Amino acid sequence: MPKGWSSDKKYYIETDTGEKLLLRTADRSEYDMKKSEFEMLKKLAERGLSISQPVEFGLFDNGNGVYSLFTWCEGEDAAIVLPELTDTEQYELGLKSGRILREIHSIPAPVDQEDWETKFNRKVDGKIKQYNDCPIKIEDGDRVISYIEANRHLLRRRPQSFHHGDYHVGNMVISAKKELSVIDFNRHDFGDPWEEFNRIVWSASASPHFATGQLNGYFNGRPPEEFFKLLAFYISSNMLSSIPWAISFGEEEINVMKEQAKEVLRWFDGMNNPVPTWYLEDFYVQYINQIPYKLKCPYDFSFIERYGEVFKVYDDQDSGNICFGVKNGGERHFIKYAGAPTERYAGNPEDAVAGLKAAAQVYKDLENPHLIRLIRTEEVGGGFAAIFEWTDGECMGRMYPLSREKFMQMPDNTRLDVFSDILDFHIHVIRQGYVAIDFYDGSILYDFLAKKTLICDIDLYSKIPYINTMGRMWGSSRFMSPEEFTHGASIDEITNVYGMGATAFALFGGEKDRSLEKWRLSEASYRVALKAVSDERKKRQRSLAEFKKEWDLSLGT
């Protein structure tokens with residue numbers, strides 16, 4: 001197992017009884033450090049933390065080597081898994097990592113530790129000297145040094161505790177059940193607990209939501225201003241020494257550190273603001289039936305209980321709505337609610353309420369076997385709720401990475417059925433005197449058990465004729481025609497032809513990369529889809545019915 005920077009040799013072991021273990025071996029000269037690590041991990045294990053549990057420690061090879069045996073932590077690197085999760089899931093795991101770190105720091109440093117101010121100032125002097133002597137400089141390095149010199153006083157009377165030593169997503173794993181564990185304590189030491197956050201740069205680069213959660217979990221809320229000032233101090237001083245450190249590892253590592261230095265300077269606005277830009281001030285998580293969901297600030301959702309027990313929450317919409325899956329006896333429903341301060345919505349909750357009320361009529365007018373069925377609407381909880389029939393469909397939208405991955409693993413024949421259903425629904429939309437607006441992959445659901453395609457989120461579909469009065473309209477640019485960016489342009493059936501062509505490339509090609517090399521089907525079908533997404537309206541098919549006819553012919557159906 002070559003992963004990591006330590007000189008330890010690491011082995012994965014599976015016993016005859018199926019127990020999974022991690023064996024680390026090192027030279028005899030590291031005995032004292034390895035024993036200290038093992039003993040500290042025993043203390044942490046007693047606190048019930050999600051870490052590699054220590055099993056056995058000792059010497060081997062006639063006393064020439066030292067070994068440590070730990071339980072194996074199931075999972076993949078957190079840095080790889082996090083981008084596949086929703087913002088709320090990332091934040092929740094960040095909260096857990098912060099709470100684990102707080103427990104790690106509850107172990108005090110030995111009483112004979114050198115005063116922290118003296119110790120770290122000496123380190124800072126060395127880092128500055130290393131940087132000044134180094135032939136490679138970072139952009140605006142003088143600003144970093146000025147900030148450090150102006151804030152050395154923050155080190156005064158800082159407490160000390162046990163440190164993990166390298167606390168970031170690279171030393172964490174996330175299991176298939178989305179459980180987080182912390183690994184690799186081999187760089188443990190003692191110092192100011194807040195200095196441990198100097199590695200959060202790696203976590204923030206992987207996921208600002210995770211990094212924000214880590215801070216909020218550690219402090220049980222927003223960190224104090226003094227923390228942010230010290231965070232900038234520790235990160236920037238660490239950054240200074242990263243360039244001299246990287247030289248021995250070659251050009252590639254030097255470039256990594258130079259780019260990270262630029263990123264850090266952007267985070268702190270050129271060292272003018274100690275609160276990093278990745279820290280999400282307006283991000284609040286609350287719970288219903290132990291299910292987390294994000295908002296900008298608290299909101300009372302106790303009224304949801306009247307509909308049944310919540311088993312699912314969808315909080316990633318940018319429409320101003322938040323959605324709940326509820327069950328009541330043998331029935332399940334989908335509640336779309338407007339009026340709460342949803343995290344991704346830039347408008348006022350009152351506007352979201354008005355939008356959902358208007359959308360209710362759209363769902364009634366466009367009722368169809370491939371459209372989620374609206375049951376009723378009502379004013380409740382200071383907002384407005386639309387109650388729909390529940391579906392077990394998986395969403396193709398990027399805001400739900402795991403569902404999207406499952407969706408995109410469907411075979412082409414299933415995708416063809418899905419596309420046919422989408423196309424038929426939008427022909428129905430036109431026949432009802434409407435035009436599709438803001439249709440994209442997040443509107444597409446597929447129920448794998450029932451083998452059924454469903455369309456959701458048609459709230460902005462409007463009656464024809466419709467004129468673009470805003471310039472850049474609502475929607476994902478991957479699915480939008482040029483007229484949806486043009487003030488005064490007509491939005492009509494030919495616009496929807498473009499949308500269906502873009503959907504074909506999302507299902508069977510490279511989305512925005514509309515090259516033949518990325519296309520999964522016949523060249524004839526590729527030509528039909530390419531014609532539909534022409535920037536020139538007159539070159540597209542003149543109607544959805546014409547597009548469907550050409551598409552079916554290209555497939556030989």
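**Empty spaces in the predicted model**

About 60 Å³ of space lies in the second largest cavity of this predicted model. Ten names make up its wall, and they come from separate parts of the chain: L22, R24, E37, L41, S52, F70, V182, I183, D184 and F185. Strand β2 (20–27) and helix α1 (31–45) each give at least two residues to that lining. By class, the wall of this cavity splits into six nonpolar residues, one polar and three charged.

A search of the whole structure turns up two cavities of 30 Å³ or more. The largest cavity holds about 140 Å³. It is lined by 16 residues, and those closest to its centre are A436, F439, F479, E484 and G499. Helix α13 (residues 493–508) gives the most here, with five residues of the lining. Nonpolar and polar residues come to seven each in this wall, and two charged residues complete it.

Next come the pockets. The largest pocket has a volume of about 1100 Å³. Its lining runs to 41 residues, with D166, H168, R187, R199 and W202 the closest to its centre. Four helices, α4 (116–133), α6 (200–206), α8 (225–247) and α9 (251–267), each supply at least two residues of that lining. Of these, α8 has the largest share, six residues. Sorted by class, the lining of the largest pocket has 13 nonpolar, 14 polar and 14 charged residues.

The second largest pocket takes up about 940 Å³. Its wall counts 38 residues, and nearest its centre lie T86, K312, V313, Y314 and Y400. Two or more lining residues come from each of α3, β11 (291–295), β12 (309–314), β17 (394–395) and α11 (401–408). In this wall, 19 residues are nonpolar, seven are polar and twelve are charged.

Which helix gives the largest share of the lining of the second largest pocket? That is α3, with six residues. Helix α3 covers residues 87–104, 18 residues in total, and reaches 26 Å from its first C-alpha to its last, close to the 26 Å expected at 1.5 Å a residue. The buried residues in α3 are D87, T88, Q90, Y91, L93, G94, L95, S97, G98, I100, L101 and I104. As a rule, an α-helix has 3.6 residues a turn, so residues three or four places apart point the same way. Within α3, Q90, L93, S97, I100 and I104 are among the buried residues.

Terms used: Residues numbered from 1 in each chain as written. Predicted model: local features only at pLDDT ≥ 70, side-chain atom pairs only at ≥ 80, totals over all residues. Heavy atoms only, no water. Expected span 1.5 Å × (residues − 1). Buried < 20%, exposed > 50% of the residue type's maximum accessible area, 1.4 Å probe, protein only. 1 Å grid on protein atoms, 1.4 Å probe; cavity = no way out; pocket = protein on both sides within 12 Å on 5 of 7 lines; lining within 4 Å. Points joined across faces, edges and corners; volume = space filled by probe spheres on them. Nonpolar A, V, L, I, M, F, W, Y, C, P; charged D, E, K, R; others polar.
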